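Here are some short exercises to work through with the coordinates open beside you. Try each task before reading on to its solution.

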Amino acid sequence: MNPRRERVFGTTPPLRKHDDVAALFSRALASQCLGHVAEAQVGYRKILKKRANHFDALHMLGVCEHLSGNSQAAARSLKRALLLDPQSTPAHLALGMVLAALQRPEEALACFDQLIALKPDFADAHFNRGNLLLAIRRFTEAVASFDEVIAIETHHLLALSNRGQALHHLERYIDAIASYNRALAVKP
C-alpha cells in the first residue's frame, strides 16, 4: 500500500523497531508527567526488554522507582544509566538524591561532588549537597555549599533559610539572623 493511500484509508504503516521504542518512550514519559508512575514503569521496562541499554528509559525508570518507594531498584537503574552516560547531570542528581534517601550519605556526597565537577554552576547540586550535609550535622560544610548556591542564585529562598539553620547550629547567631532576614526579604 502506498503512503498516500494509507492516509486516505486511515491505515498506518507498521512501526519500525526504532519508531516503536520512541513511541513507547513518549507514552511512558507522558504517563509519568501525568502522575501515572506505575504505568510509566511498565512502559520503560518494555523499552528495556527491546533495548537493554536505552539510557533515557533507565534514567526515567530509576526516577519512577524512587517515586514509587523502591529506592534500591532506583539506585540500580540510575547506576546502569550512568555507566552508559557518565556525563549526565540529571542522572547524577537523581542518584545523589536516591542515595541520600537510602541513608548512604558518603555515596550521595560523592555523587553530588561528581556532578559539581561536571557542572560547577549547577545550583541544585550544591543545594542538595548542602541539605545532606545539614542532615548529617556537618554544618560548616553545609554553609559552604549553601554559599555556592547563593553565589549562583542570589535569591534562592531555601538556600538562604537552610544556611541560617546551619549557622544557628554553629552558634553563629548574628550570621544566622542575617541569612534568615535575606530569606524573608526574598519572600516576606
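**Exercise 1. Judge the confidence of the model.**

Task: find the mean pLDDT of the chain, then locate the elements with the lowest and the highest mean pLDDT.

Solution. Start with the whole chain: this is a predicted model, its mean pLDDT is 90, and 90% of its residues reach 70 or more. Next, go element by element. Helix 1 (residues 3-9) has the lowest mean pLDDT, 36, while helix 9 (residues 139-152) has the highest, 98. Finally, look at the stretch that holds the low values: over residues 1-15 the pLDDT is below 50, and beyond near neighbours in sequence this stretch has six contacts in the model.

**Exercise 2. Describe the overall fold.**

Task: state how many helices and strands the chain has, and what share of its residues is buried.

Solution. Counting the secondary structure gives eleven helices and zero strands. Written along the sequence, the pattern is α-α-α-α-α-α-α-α-α-α-α. Of the 188 residues, 42% are buried. For the surface, the accessible area comes to about 10800 Å², and carbon and sulfur atoms hold 56% of that. For the contacts, take those between residues at least 6 apart in sequence: 43% of them join residues at least 24 apart. One pair of distant residues to check in your viewer is Lys50 and Val21, which lie 29 residues apart in sequence but 7.7 Å apart in space, C-alpha to C-alpha. Lys50 belongs to helix 3 (residues 37-50), and at 38% relative accessibility it counts as partly exposed.

**Exercise 3. Find the two sides of helix 9.**

Task: check the span of helix 9, then work out which of its residues are buried and what they pack against.

Solution. First the geometry: helix 9 has 14 residues and reaches 20 Å from its first C-alpha to its last, close to the 20 Å expected at 1.5 Å a residue. Then list the buried residues of helix 9, which are Phe139, Ala142, Val143, Ser145, Phe146, Val149 and Ile150. They cover an arc of only 165° around the axis, so they sit on the same side of helix 9. That buried set packs against helix 8 (123-135), helix 10 (157-169) and helix 11 (173-186). Turn to the face pointing away from the buried side, and you meet the exposed residues Thr140 and Ala151.

**Exercise 4. Examine helix 4 and its cysteine.**

Task: compare the span of helix 4 with the expected value, and explain why Cys64 forms no bond with Cys33.

Solution. Helix 4 (residues 55-67) has 13 residues, which should span 18 Å at 1.5 Å a residue; the end C-alpha atoms are 19 Å apart, in agreement. Its buried residues are Phe55, Ala57, Leu58, His59, Met60, Leu61, Gly62, Cys64 and Glu65. Within that list, Cys64 has a relative accessible area of 0% and is therefore buried. Now apply the disulfide cut-off, a pair of cysteine sulfur atoms within 2.5 Å. The closest cysteine sulfur to that of Cys64 belongs to Cys33, at 9.3 Å, so the two are too far apart for a bond. Across the model, the count by this rule is zero disulfides. Cys111 is buried too, with a relative accessible area of 3%. Just after helix 4, Gly69 takes a positive phi of about 95°.

**Exercise 5. Look at positive phi outside glycine.**

Task: place Gln103 and Glu171 in the chain, and decide whether each is buried or exposed.

Solution. Take Gln103 to begin with: its phi is positive, about 60°, although it is not a glycine. Gln103 lies in the loop between helix 6 (89-101) and helix 7 (105-118), and at 67% relative accessibility it counts as exposed. Now take Glu171, which is not a glycine either, yet has a positive phi of about 60°. Glu171 is in the loop between helix 10 and helix 11, and with a relative accessible area of 57% it is exposed.

**Exercise 6. Map the surroundings of Ser31.**

Task: decide whether Ser31 is buried or exposed, and name the residues it touches beyond four places in sequence.

Solution. Ser31 is part of helix 2 (residues 17-33). Its relative accessibility is 8%, and the cut-off for buried is under 20%, so Ser31 counts as buried. Leaving out residues up to four places away in sequence, Ser31 touches His36, Glu39 and Ala40.

Key
Residues are numbered from 1 along each chain as its sequence is written. This is a predicted model: local features need pLDDT of at least 70, side-chain atom pairs count only at pLDDT 80 or more; totals for chains, interfaces and linings use all residues. Side-chain values use heavy atoms; hydrogens and water are left out. Helices (H or I, at least four residues) and strands (E, at least two) are DSSP runs, numbered from the N terminus. Buried means under 20% relative accessible area, exposed over 50%, partly exposed in between (1.4 Å probe, protein chains only). Contact means heavy atoms within 4.5 Å. pLDDT is the predictor's confidence in each residue, from 0 to 100. Accessible areas come from the Shrake-Rupley method with a 1.4 Å probe; for residues, only the protein chains shown count as cover. The expected span of a helix is 1.5 Å times one less than its number of residues. The arc is that of the directions from the helix axis to the C-beta atoms.
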